[in-house]
Amino acid sequence: MTSPGENLRINGDRLWESLMEMAKVGPGIAGGNNRQTLTDADKEGRELFRSWCEEAGLSMGVDKMGTMFMTRPGNDPEALPVYIGSHLDTQPTGGKYDGVLGVLAGLEVVRSLNDLGIRTRHPIVVTNWTNEEGARFAPAMLASGVFAGVIPIAHAYARTDLEGKRFGDELERIGWVGEEEVGARKMHAYFEYHIEQGPILEAEDKQIGVVTHCQGLWWLEFTLTGKEAHTGSTPMNMRVNAGLAMARIFEMVQDVAMGEQPGAVGGVGQVKFAPNSRNVLPGQVVFTVDIRSPDQAKLDRMRAAIEAGAAEICAELGVGCAVEAVGHFDPVTFDPTLVSRVRAAAEKLGYSHMNIISGAGHDACWAAKVAPATMIMCPCVDGLSHNEAEDISKDWATAGADVLFHAVVETAGVVE
């Protein structure tokens with residue numbers, strides 16, 4: 001077995017054309033995408049991806065979580081596959097590259113292998129994980145979490161969106177309930193290519209992020225119970241104001257995260273008021289606190305401090321307080337051998353690179369529990385993501401896909 005020469009590259013124009021074609025599916029209102037999981041747009045995106053994979057000679061498997069596994073066979077029938085994965089689902093106001101880049105770059109690796117007539121010892125499997133974003137059904141990385149054995153499939157099927165629709169029902173509605181048992185597949189290695197979703201690579205003028213770790217995360221869903229009352233005629237000292245409690249908790253979360261600097265973040269991105277009327281104090285407020293750190297001790301301290309602080313705030317205001325952990329993973333250290341392989345590929349190809357810690361969660365975090373795993377990142381303009389203005393350049397996309405190609409083929413083994 002030999003490695004691919006440094007002159008071998010993927011077809012950057014074809015990768016970019018595929019990204020632009022997929023972006024036509026589930027268009028947003030400001031240049032991005034709204035292709036939330038298990039919607040009709042998600043179904044359409046899956047079908048387009050399947051058609052491209054079939055054209056590239058890949059065979060499809062689908063598990064009971066709807067995750068798509070597209071396989072290019074290897075020369076050794078006993079060799080475990082090398083997986084390349086990410087996701088096609090988006091945020092409600094998502095960009096064209098978050099997740100999609102990793103899936104379509106995986107397809108481009110296969111297309112380029114076909115073009116070059118390269119055979120590998122290990123099979124290569126391009127994967128589209130279901131519900132990575134968690135925007136419609138919490139938690140994020142739901143299907144990969146079930147695959148890794150950390151989320152029961154019954155729990156996943158029972159997740160509901162804001163309209164009360166169940167994950168399992170919606171998966172069946174769009175026709176993507178597969179037959180494979182979730183997690184039955186075994187991996188030789190797992191690679192994931194993603195935009196950084198932060199400003200570091202662009203600021204440091206680096207083309208490649210060699211991802212060494214991923215931050216741990218807690219999503220803490222708070223339900224505050226107050227008393228609905230007229231905002232104009234209820235005296236200030238007679239209110240049971242769940243909205244006020246929420247505001248004080250927001251400020252407290254900020255203080256807790258700032259107290260753990262550097263290397264910790266915390267904030268709130270989703271709030272639901274009831275009855276959500278201009279002149280009615282809320283009887284109930286539901287919101288999710290998102291805290292992250294690559295340091296387990298900091299993550300644990302932040303969760304404890306926030307839950308204790310929220311209880312104290314609510315007790316002072318007479319507001320009921322319940323909290324549920326709706327998403328979690330511990331900090332991840334990626335496989336040193338695969339990390340070194342990514343770094344070596346960037347150096348061989350002449351791309352500038354640096355070590356980086358992923359600030360966002362990815363399916364690779366769960367894959368790392370069952371197989372050697374790592375990630376590659378490319379810059380994104382102004383670090384902007386989960387936003388329709390999310391942007392990357394074709395050159396950035398191509399550089400990372402070149403590194404992915406070489407690292408994957410090195411791992412899968414070229415057969416002479």
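Author: In this predicted model, a pocket is an open set of grid points where a 1.4 Å probe fits, with protein on both sides within 12 Å along at least five of seven lines. The second largest pocket has a volume of about 200 Å³. Among the 13 residues that line this pocket, E196, I200, I357, S358 and G359 are the closest to its centre.

Reader: What makes up the lining of the second largest pocket, by class and by strand?

Author: Seven of the lining residues are nonpolar, five are polar and one is charged. Strand β15 (residues 353-358) gives the most, with three residues.

Reader: Which residues does the UniProt annotation "binding site" cover, and how do you know that they gather at one spot?

Author: The annotation, from an unreviewed entry, covers D98, E133 and H386. These residues span 289 residues in sequence, yet no two of their C-alpha atoms are more than 9.6 Å apart, so they gather at one spot.

Reader: Why is D98 called buried?

Author: Buried means under 20% relative accessible area; D98 has 5%, and is therefore buried. D98 is found in the loop between β3 (82-86) and α3 (100-116). Beyond four places in sequence, D98 touches residues including H87, E133, H194 and H386.

Reader: Why is H386 called partly exposed?

Author: Partly exposed lies between the limits of 20% and 50%; H386 is at 39% relative accessibility, so the term applies. H386 lies in the loop between β16 (373-378) and α12 (394-412).

Reader: What makes the pairing of the H386 and D98 side chains a polar contact?

Author: A polar contact requires a suitable pair of N or O atoms within 3.5 Å. The side chains of H386 and D98 make such a contact at 3.2 Å. Another polar contact, of 3.4 Å, joins the side chains of D98 and H87.

Notes:
Residues numbered from 1 in each chain as written. Predicted model: local features only at pLDDT ≥ 70, side-chain atom pairs only at ≥ 80, totals over all residues. Heavy atoms only, no water. 1 Å grid on protein atoms, 1.4 Å probe; cavity = no way out; pocket = protein on both sides within 12 Å on 5 of 7 lines; lining within 4 Å. Points joined across faces, edges and corners; volume = space filled by probe spheres on them. Helix = DSSP H or I, 4+ residues; strand = E, 2+ residues; numbered from the N terminus. Nonpolar A, V, L, I, M, F, W, Y, C, P; charged D, E, K, R; others polar. UniProt positions renumbered as here; feature names shortened; annotations may be inferred. Buried < 20%, exposed > 50% of the residue type's maximum accessible area, 1.4 Å probe, protein only. Contact = heavy atoms within 4.5 Å. Polar contact = N/O pair within 3.5 Å; in protein donor to acceptor, adjacent residues only side chain to side chain.
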